[in-house]
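Got your viewer open and a hand on the selection tool? Here is a walk through the model, stop by stop, with what to pick next and what you will find there.

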Amino acid sequence: MAVPARLRADADKVSADMTGAGLGSRALFPELETRVYANHASLSPPSQAVIDAVSACLSQYARDGMGCYAIEVERRERLRARLAGLIGAPPRDLALVANTTAGVLAVALGIPWQRGDRILVFDGEFPTNITPWQQAARREGLELVWMSADDFRTDRAGALQQLEDHLREGIRLVAVSAVQFTTGQRMPLETIGELCRRHDCELFVDAIQAMGVVPLDVEACAIDYLTCGSHKWLMGPEGTGCFYAREEVAARLEPNVAGWLSHEDPFAFLTRAPNELRYDRPLVQSARMVESGTPHTLAAAGLEASVGLIDAIGVEPIYEHVQAWHDALEAGLVERGFASARMAEMEGRSGILSVRATDAAAGPAWSRALAEYGIASASPDGWLRLSPHWPNHLDEAGAVLAAIDEILAKGGPPLP
Ligand SMILES: Cc1ncc(COP(=O)(O)O)c(C=O)c1O
């Protein structure tokens with residue numbers, strides 16, 4: 001599809017506006033009211049770059065309607081390439097999807113399962129990476145094999161041994177999150193990938209708690225499929241995300257979630273001569289097959305802007321910065337009686353710092369009490385979870401500890 005010159009000039013203006021982004025700077029978050037926003041593992045507030053990109057996209061639609069469709073097709077091509085770059089994947093193996101779940105469903109419904117196939121899943125995972133496997137098991141007569149995700153934090157060597165024992169008995173696919181959403185444990189994906197390859201098992205990764213803050217490489221980890229939503233560490237809007245499938249495994253996927261955009265040359269009947277309206281065009285036999293219908297263009301515009309900032313700063317420096325933020329806070333939390341879930345080994349760490357209060361049930365009460373002091377956190381499964389990103393300043397640790405001291409001085413957070 002051809003793009004008119006005026007529209008291209010507008011798009012270039014927006015995608016070039018990356019000023020104000022830097023580690024520890026909230027310059028691009030002028031509207032953010034929360035004093036310490038440490039809840040990126042739940043949802044990122046949009047930066048000014050995201051707001052500008054989304055509103056520019058919407059304004060362009062207001063001016064040109066269908067006239068800007070082609071430029072959005074091009075934007076999605078650029079966005080796929082950027083996201084692929086973040087995980088070391090070839091852009092052709094990456095598709096844009098509505099959310100993390102869409103990627104899990106594409107694989108759970110798309111693998112040509114044999115009755116009795118076994119899928120290894122982990123107790124403690126976010127349900128996104130469980131429910132679709134349960135449904136596939138119900139429909140296809142599969143068996144779910146369970147391990148505890150937290151065993152990889154408390155006894156990593158023992159858990160890996162247990163995993164290998166299961167793989168030896170025959171597992172068709174391992175489905176795991178790169179980072180556990182409760183404790184922030186980064187799973188040993190490289191070793192898991194190597195074990196899966198050795199035992200002829202496919203590896204599926206939910207990357208939403210990792211991509212954008214933790215370096216990830218699908219080749220180094222022998223990942224076959226990966227899915228990730230936009231609104232956490234990628235700092236984009238809700239309603240979009242990405243799905244990766246390695247070329248060889250994608251070629252075997254059944255087109256059970258295919259739609260009109262899953263065909264090769266899907267726009268031919270709209271833009272070319274008559275007799276192009278056919279229903280027998282081959283389906284794309286790659287990850288792109290899951291792009292089935294009209295996408296969330298505005299969310300893609302926002303995501304392009306947020307990933308542009310992440311790329312400009314760099315995932316490695318962001319990871320180091322976030323670790324420094326955790327370092328500044330963790331010892332103070334432990335001194336005040338919290339137990340930290342953060343692993344001693346660097347390779348087990350992520351963007352999440354989770355701690356438990358002495359009373360394990362008090363996590364949500366602590367999160368609510370901190371909110372009164374303008375500190376945004378979360379309390380998944382009773383953990384007090386703090387998850388800063390590149391705009392968080394290292395001085396914030398002092399504010400968090402001061403708030404905790406005040407709450408403690410008043411006798412601790414009120415329990416429900
Ligand atoms: C590990 C993990 N996976 C998935 C999700 C969300 O999935 P979806 O993007 O489909 O809503 C979350 C949090 O919302 C999560 O923490």
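Start by selecting helix α3, residues 69–86. This is a predicted model, and in it α3 gives the most to the lining of the largest pocket, with four residues. The pocket itself has a volume of about 510 Å³. To put your cursor in the middle, pick Arg80, Leu261, Glu291, Ser292 and Gly293, which are the closest to the pocket's centre among the 28 residues that line it. Now colour the elements that each give two or more residues to that lining: besides α3, they are β2 (94–97) and α4 (100–110). What sort of residues make up the lining of this pocket? They divide into 14 nonpolar, seven polar and seven charged.

**Next stop: the second pocket**

Select Arg186, Met187, Leu189, Glu190 and Cys221; of the 15 residues that line the second largest pocket, these are the closest to its centre. The volume here is about 230 Å³. Which helix gives the most to this lining? Show α8, residues 189–198: it supplies three residues. Colour the lining by type and you get nine nonpolar residues, one polar and five charged.

**Closed spaces**

Time to look for cavities; the structure holds three of 30 Å³ or more. The largest cavity has about 60 Å³ of space in it. To find that cavity, select its lining: Arg26, Phe29, Leu32, Val36, Tyr37, His40, Pro45, Pro391, Asn392 and Glu396. That set splits into six nonpolar residues, two polar and two charged.

**A threonine in α11**

Click on Thr297 next, in helix α11 (residues 297–313). Is Thr297 buried or exposed? Its relative accessibility is 13%, so Thr297 counts as buried. Show its neighbours too: leaving aside residues up to four places away in sequence, Thr297 touches Cys57, Tyr61, Glu72 and Arg76.

**The rings**

Switch on the aromatic side chains. A search of the whole structure finds nine aromatic pairs. Begin with Phe126 and Phe181: the ring centres are 5.0 Å apart and the planes sit at 85°, so this pair is edge-to-face. Turn on the cartoon and you will see that the pair links distant parts of the chain, with Phe126 in the loop between β3 (118–123) and α5 (131–140), and Phe181 in the loop between β5 (173–177) and α8, 55 residues apart. How do the two partners fare on accessibility? Phe126, at 38%, counts as partly exposed, while Phe181, at 15%, counts as buried.

Move on to Phe204 and Tyr225. This aromatic pair is tilted, with 6.2 Å from centre to centre and 35° between the planes. Here too the pair links distant parts of the chain: Phe204 is in strand β6 (residues 202–206) and Tyr225 in strand β7 (residues 225–229), 21 residues apart. Both Phe204 and Tyr225 are buried.

For a bigger group, select Tyr69, Trp260, Phe267 and Phe269, which ring pairs link into a cluster.

Before you hide the rings, zoom in on Trp383. What lies over the face of Trp383? Arg356 does, at 4.1 Å from the ring centre.

**Helix α13**

Now select residues 363–372, which make up helix α13. Which residues of α13 are buried? Highlight Gly363, Ala365, Trp366, Ser367, Ala369 and Leu370. As you look down the axis, bear in mind that an α-helix has 3.6 residues a turn, so residues three or four places apart point the same way. To see what the buried residues of α13 pack against, show β11 (375–376), β12 (384–386) and α14 (396–409). Then step along to Gly374, which follows α13 and has a positive phi, near 75°.

**Last stop: a long span**

Finish with Gly65, in the loop between α2 (48–64) and α3. Gly65 counts as partly exposed, because its relative accessibility is 26%. Draw a C-alpha to C-alpha distance from Gly65 to His199: how far apart are they in space? The answer is 52 Å, and the two are 134 residues apart in sequence.

Note on methods. Residues numbered from 1 in each chain as written. Predicted model: local features only at pLDDT ≥ 70, side-chain atom pairs only at ≥ 80, totals over all residues. Heavy atoms only, no water. 1 Å grid on protein atoms, 1.4 Å probe; cavity = no way out; pocket = protein on both sides within 12 Å on 5 of 7 lines; lining within 4 Å. Points joined across faces, edges and corners; volume = space filled by probe spheres on them. Nonpolar A, V, L, I, M, F, W, Y, C, P; charged D, E, K, R; others polar. Buried < 20%, exposed > 50% of the residue type's maximum accessible area, 1.4 Å probe, protein only. Contact = heavy atoms within 4.5 Å. Phe/Tyr/Trp six-rings, centres within 6.5 Å; stacked < 30°, edge-to-face > 60°. Lys NZ or Arg CZ within 6 Å of the ring centre and 35° of its normal.
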